[in-house]
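Hi,

Here is the model I said I would pass on. Have a look at it first, and then read my notes underneath.

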Amino acid sequence: MKAINKTRYLLFLIIVIIMSCRKPYNPPVIANAPSYLVVEGVISAGSDSTIIKLSRTISLSKGVTVNMVPHATLTVESNANTTYPLTEIKTGYYISPGLNLDNTKQYRLRIKTPDNKQYLSDFVAVNVTPPIDSIGFNITNDGMQVYANTHDPNNSTRYYRWDYTETWQFHALYYSQWIGDGVDVVGRRADQYVYSCFAGDVSTSIVLGSSAKLAQDVIYQNPIAFVASTSEKIETKYSILLRQYALTSDAFIFWTNLKKNTEQLGSIFDAQPSQISGNIHNLSNPAEPVIGYISACTVQSKRVFIDNTQLPRTWRTTYPYDCTEDSLWYSNPITNVNQVAEFLVPVGSTSLAIVPFPLPPLTIKGYIAADAQCADCTIRGTTQAPSFWQ
């Protein structure tokens, strides 16, 4: 028995030594990954602004998620030697107001980065995007699937891409009618209420559709965005602004491969990573990979609103924070501490008063309170309604 115990002890000791000797291994390919240029955007041929985003790929070992490229020079060029400069409006974002281009010409994008490297996209023809026919939604077991319908009566588009901006109205879990002014707790003015807010987001997934295998160029109920039944996006009212782009077959192949490489990896059944070939090139080093595909097209857009009353009444929003209520006294019955002065009176307090106790006209002895994240919607939104809100 002693021999067995001694053997077990030795095995345990060996395992501990092996585990303590492990060191993290950073493969050279990951640690020294090159930084490639990433170009996002479309040359808008109509009245919509042309917006190009420049960034660079980053190593997995770095602690940042984005590496924008500022101070670059961007120009749209036509095959008739006409140029249209873009202006940097914020770090890495370059814009030109509606270009209203001649659809019979071809266009490309020229980029000069701060390190004096020059990149040029291939000339592309202008695709005329057909209008969005309608935007609707289907109810599923766990949420709302937003879809789009469109068609081209000339059967000449066939390939489509969409992106979108979401806006929604939501509210805090608790309704705070009181606020600390540095002296005492007072009733909120109309412009101080923080119960109902608006928030928004932009699409991050690649949304594509094709009618290439159909007799008619018709897109019917193409999935655009999914909103979970528990999401606060749909607790009051939800709006989506959808933008539609016509693509060439080469552009569609690029976006399809990019979608596979960025969104559909992770299991043995998913597509394997593949080389992504765009239409942008480094003029001095054609072998350098550049991620992006520059298209030229008119842009169609459409906005719809979806009210909570249009959705199943059994759906319940899951609030994003764990919230509890506390009773804060002017004079705590046990400690005699003035909790109101300590936690609620200071301007910018992280606790907010919800309702006094007892209710007036009786003498107020304290307030039911909650953390600001549970009673102040401006922590993740704004009380100012967008100009387009219905």
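Below is what turned up, going from the whole chain to single residues.

Two bits of housekeeping. This is a predicted model, so bear in mind that local features need pLDDT of at least 70 and side-chain atom pairs count only at pLDDT 80 or more, while totals for chains, interfaces and linings use all residues. Residues are numbered from 1 along each chain as its sequence is written, and side-chain values use heavy atoms, with hydrogens and water left out.

**The whole chain**

The protein comes to 5 helices and 25 strands. These are DSSP runs numbered from the N terminus, with helices being H or I of at least four residues and strands being E of at least two. Of its 390 residues, 39% count as buried (under 20% relative accessible area; exposed is over 50%, partly exposed in between, with a 1.4 Å probe and protein chains only). The accessible surface is about 22100 Å², and carbon and sulfur atoms make up 55% of that (Shrake-Rupley method, 1.4 Å probe; for residues, only the protein chains shown count as cover). Looking at contacts (heavy atoms within 4.5 Å) with a separation of 6 or more, 68% are between residues 24 or more positions apart.

**Two open sheets**

One open sheet has 4 strands in the order 1-3-7-6, with antiparallel pairing; two strands pair if DSSP finds at least two bridges between them. Strand 1 (37-41) and strand 6 (87-90) are at the edges with a single partner strand each, so one side of each has no neighbour in the sheet. Neighbouring strands here are turned by 30° against each other on average, direction ignored (axes are lines fitted to C-alpha atoms, for helices over the stretch in contact, and angles run from 0 to 180 degrees between N-to-C directions). Strand 6 runs antiparallel to strand 7 (residues 93-96) and is joined to it by 3 bridges. If you want to check the register, Thr-87 has Ile-95 in strand 7 as its bridge partner.

The other open sheet has 3 strands in the order 11-12-18, again with antiparallel pairing. Its edges are strand 11 (132-139) and strand 18 (218-228), each with a single partner strand, so one side of each is left without a neighbour in the sheet. The twist averages 25° from one strand to the next. Strand 12 (residues 143-151) pairs with strand 18 over 8 bridges, in the antiparallel sense, and Met-144 stands opposite Val-227 of strand 18.

**Disulfides**

There are 2 disulfides (cysteine sulfur atoms within 2.5 Å), and their pattern is 1-4, 2-3 when bonded cysteines are counted along the chain.

Cys-197 and Cys-377 have their sulfur atoms 2.0 Å apart. The torsion about their S-S bond is about 65°, so this disulfide is right-handed. Cys-197 lies in strand 16 (residues 196-202) and Cys-377 in the segment after helix 5 (372-375), so the pair ties together parts 180 residues apart in sequence. Both Cys-197 and Cys-377 are buried.

Cys-323 and Cys-374 form a disulfide too, with the sulfur atoms 2.0 Å apart. Here the torsion is about -90°, so the disulfide is left-handed. Cys-323 is in the loop between strand 22 (299-307) and strand 23, while Cys-374 is in helix 5, 51 residues apart. Cys-323 and Cys-374 are both buried.

**Backbone oddities**

Most residues other than glycine have a negative phi, and most peptide bonds are trans. With that in mind, look at the loop between strand 24 (351-357) and strand 25 (366-371), which holds Pro-358 and Pro-361. The Phe-357 to Pro-358 bond is cis, with omega near -15°, and a cis bond also joins Pro-360 and Pro-361, with omega about 15°.

Asn-116 is not a glycine but has a positive phi of about 70°. It is in the loop between strand 8 and strand 9 (118-121) and is exposed, at 56% relative accessibility. Asn-336 has a positive phi of about 65°, sits in the loop between strand 23 (326-329) and helix 4 (339-344), and is exposed with a relative accessible area of 56%.

**One side chain to click on**

Arg-108 is in strand 8 (residues 106-112). Its side chain makes a polar contact of 2.9 Å with that of Glu-77 (a pair of N or O atoms within 3.5 Å; within protein, one must be able to donate a hydrogen and the other to accept it, and residues adjacent in sequence count only if both atoms are side-chain atoms). Not counting residues up to four places away in sequence, Arg-108 touches residues including Ile-43, Thr-75, Leu-120 and Phe-123.

Cheers
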